[in-house]
Each structure stands twice: as C-alpha cells, then as structure tokens.
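Got the viewer open? Grab the selection tool and let's take a short walk, one stop at a time.

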Amino acid sequence: MRIHKIAAIPGDGIGPEVIAAGLEALETCAQRDGGFALKIEHFDWGSDYYKRYGVMMPDGGTDKLRPFDAIYFGAVGAPDIPDHITLWGLRLAICQPLDQYANVRPTRILPGITSPLRHVTGPELDWVIVRENSEGEYAGVGGRVHKGLPEEVATDVAIFTRSGVTRIIRFAFELARSRPRKLLTVVTKSNAQRHGMVMWDDMAAEVAREFPDVTWDKMLVDSMTMRMTLRPETLDTIVATNLHADILSDLAAALAGSLGIAPTANLNPERKTPSMFEPIHGSAFDITGKGIANPVGAFWTGVMMLEHLGEKAAAARLMKAVERVTADPALHTPDLGGKATTRQVTDAVKRALEGDNS
Ligand code: IPM
Ligand code: MG
C-alpha cells in the first residue's frame with residue numbers, strides 16, 4: 001500500500017468547506033483504487049489563528065510542512081484583516097521558502113458549463129497558464145517612508161533573475177511539449193517595462209533553442225487579454241510573470257465558466273520540497289457557512305495533487321467523476337446559476353466514483 005502524507009490547511013472563509021468536500025472525494029478515490037492511502041494532518045492556520053496569536057501560522061510553520069508529500073490548501077483572507085497581512089503571513093510564507101516556483105493553472109470548459117464567450121462551446125478553450133511564483137512583482141522588495149507626510153514615498157520593486165526566469169520558461173516549454181499541440185505563448189510587457197520584461201523576452205528566445213519541436217510566440221499582456229477573449233482557440237500553454245499571470249488566470253477562470261471551478265498547483269518541480277495544491281478562488285465571505293460553495297475547484301485541485309503523487313489512474317477517475325457531475329445542471333451550485341449545495345455535489349462525485357468500474 002502506497003501511503004501519501006498530506007498536510008491540509010483549510011484556511012479562511014469557504015476554505016474549510018471545500019477542503020472537507022475535497023478530502024471526502026479523495027478518500028473515496030483512495031478506497032476505490034485500493035492501492036494507496038492518504039494520511040491527512042490538519043493545520044488550523046489562517047485568520048482565526050491570527051486573531052488568537054497575532055500570526056497567521058506559528059514560528060517555523062513552513063518547516064513543519066517539509067516532511068509531507070503534498071499540501072492541500074483552501075483559501076486565505078478575512079474581511080477584518082488587511083489582505084497583504086493574510087497573504088504574506090500564510091500563502092506566500094509557504095510558497096516562497098518551499099520554492100514552489102511553478103504555479104500551474106489549467107483552464108477548460110467542463111461538460112455542462114457555459115462560457116460567457118458566445119462562440120465557444122468547449123474544445124476551443126483548453127489552456128494551461130504557468131505563473132512564475134517566486135519573484136517578479138511578488139518579490140516583496142520595496143518600502144514606504146514618511147507615512148502621512150506630503151513627502152510620503154512607496155515603492156514595489158519587481159525582481160527578475162536569470163535563474164528565476166529561465167527555470168520558469170524552461171518548465172513552460174517542457175509542459176507545452178507534453179501537450180498535444182506543443183504550443184507556447186510567452187507573455188510580457190516589454191514595450192513599456194524595458195529591463196526585466198526585455199530580459200524575459202531574451203531568456204525565452206534562449207530557452208526556445210532547446211525545444212525546436214515546440215512552436216512559440218510572444219504577446220504583450222494587454223493584447224493577450226483580447227486574444228484570450230476573441231481567439232481562445234489560438235492558445236494552449238501560456239507563461240507569464242507572477243502578477244501578469246495572476247490577472248490572466250482570473251480572466252481565464254471567468255471565460256471557462258466560473259472561478260469556483262479553477263484549480264492550481266504550486267509546484268517545486270525538482271521535488272525537493274512538498275508542492276501545494278489549492279483552488280484558485282478565494283475565501284468568499286459572502287457565501288461562507290451557507291453550504292453552497294462550489295467544491296469543483298477543490299476536486300480538480302485534488303486531481304492535480306493525485307497526478308503529482310503518481311496516482312494517475314485515481315486522478316483520471318476523479319476527473320471523470322467531476323465531469324459527470326458538472327454535466328448535470330441540477331448539480332450546479334449558485335456560482336454556475338444553479339441551486340445545488342456543496343453536500344449534494346460532493347455526494348454526487350462520490351457516487352460517480354463508487355460506480356466507476358474502470
Ligand atoms: C491567486 C490570488 C492571490 C494572489 C491573492 C489571494 C493574493 O489572487 O492565487 O491568484 O494574487 O496570488
Ligand atoms: Mg489571483
């Protein structure tokens with residue numbers, strides 16, 4: 001029996017609801033498979049922890065995560081704590097020290113889901129966004145001085161390093177090569193930002209020489225939003241900086257039908273540290289505790305985690321079960337215009353898994 005040790009960090013808002021649903025589905029998946037088990041340890045870190053102890057996670061928290069095979073993360077953010085505190089105190093405090101430098105965000109229109117793009121039915125939109133996840137605009141370099149005075153100054157410096165840029169571009173080329181279309185789009189803003197972004201363009205051209213079988217092109221981030229909306233079928237794998245890909249991935253999630261569906265993997269591709277898997281959506285305080293959060297993002301995230309753990313067959317079964325369920329409009333949660341509850345969607349996915357004899 002293969003044992004995978006998982007650290008579950010449900011976090012804030014609807015995080016605990018969707019992670020509980022996801023763990024139920026993963027547990028059913030493991031039982032159905034019979035070849036592996038998940039050993040889950042829960043961590044109560046997040047905004048409630050902050051209100052009690054003044055920190056989002058205990059000292060040395062990140063090191064406690066190192067022995068795990070993967071981290072399953074819910075959401076972070078509270079209405080009464082500034083967002084930069086919750087973000088830097090937990091999510092980035094895990095991603096950056098564990099060097100989860102490749103943030104991978106697949107986007108597809110699942111069966112039964114309607115895209116807001118009227119000409120798109122499904123096959124025209126099948127992307128993976130690769131987000132640089134360790135530096136760039138999220139490097140945390142900058143400062144604010146002379147607070148409240150007319151001389152007040154604030155800077156946020158984007159940091160781009162040759163090693164950071166080449167490794168993410170190389171990762172994206174490899175991912176593009178593994179997909180049927182072998183097509184990569186490198187997104188920058190090298191017309192306006194003439195240092196770091198021009199370096200990205202140069203590194204892309206350099207790394208591209210290692211991948212003669214991958215077709216690639218370059219886009220400026222502003223025109224990329226138009227191309228995603230008007231010609232989605234011309235894109236496949238996309239790589240961009242931390243901030244640009246953050247923005248593009250919300251657009252991608254919306255074009256694929258709902259933010260409630262989209263998954264993310266924060267990968268350390270060399271597997272020196274555990275990778276972290278989380279739905280893209282945030283804590284969603286407007287619907288917290290109502291039992292109507294869409295668990296599909298957490299399920300699809302679970303699929304990515306199973307793939308990373310080497311459980312390919314179980315991952316494929318879970319994805320099939322999720323697609324069975326999204327195909328039925330009676331099982332759509334309110335973010336998809338339906339009336340289903342988290343419980344109903346979760347039960348349906350578990351039933352689909354139990355009935356799958358593949
Ligand atoms: C994301 C989120 C986060 C980010 C927020 C919660 C700070 O939008 O994962 O895309 O910007 O990285
Ligand atoms: Mg975002």
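Start by selecting Cys29: this residue is buried, at 1% relative accessible area (buried means under 20%, exposed over 50%, partly exposed in between, with a 1.4 Å probe and protein chains only). Hop over to Cys95 and you'll find another buried residue, with a relative accessibility of 1%. Don't bother hunting for disulfides, as the structure holds zero (that would take a pair of cysteine sulfur atoms within 2.5 Å).

A note on the ground rules: this is a predicted model, where local features need pLDDT of at least 70, side-chain atom pairs count only at pLDDT 80 or more, and totals for chains, interfaces and linings use all residues. Residues are numbered from 1 along each chain as its sequence is written, chains are lettered from A and ligands numbered from 1 in the order in which they are written, and side-chain values use heavy atoms, leaving out hydrogens and water.

Now select ligand 1 and show what surrounds it: Leu87, Arg91, Arg105, Arg131, Tyr138 and Asp246 (each has a heavy atom within 4 Å of the ligand). By class, that shell splits into two nonpolar, no polar and four charged residues.

Next, pick out ligand oxygens and draw some distances to side-chain N or O atoms (a polar contact is a pair of these within 3.5 Å). Asp246 comes in at 2.8 Å, Arg131 at 2.9 Å and Arg91 at 3.4 Å. Finally, turn on a surface: the protein covers 72% of the 320 Å² of accessible area that ligand 1 has on its own (Shrake-Rupley method, 1.4 Å probe).

Key: Polar contact = N/O pair within 3.5 Å; in protein donor to acceptor, adjacent residues only side chain to side chain. Nonpolar A, V, L, I, M, F, W, Y, C, P; charged D, E, K, R; others polar.
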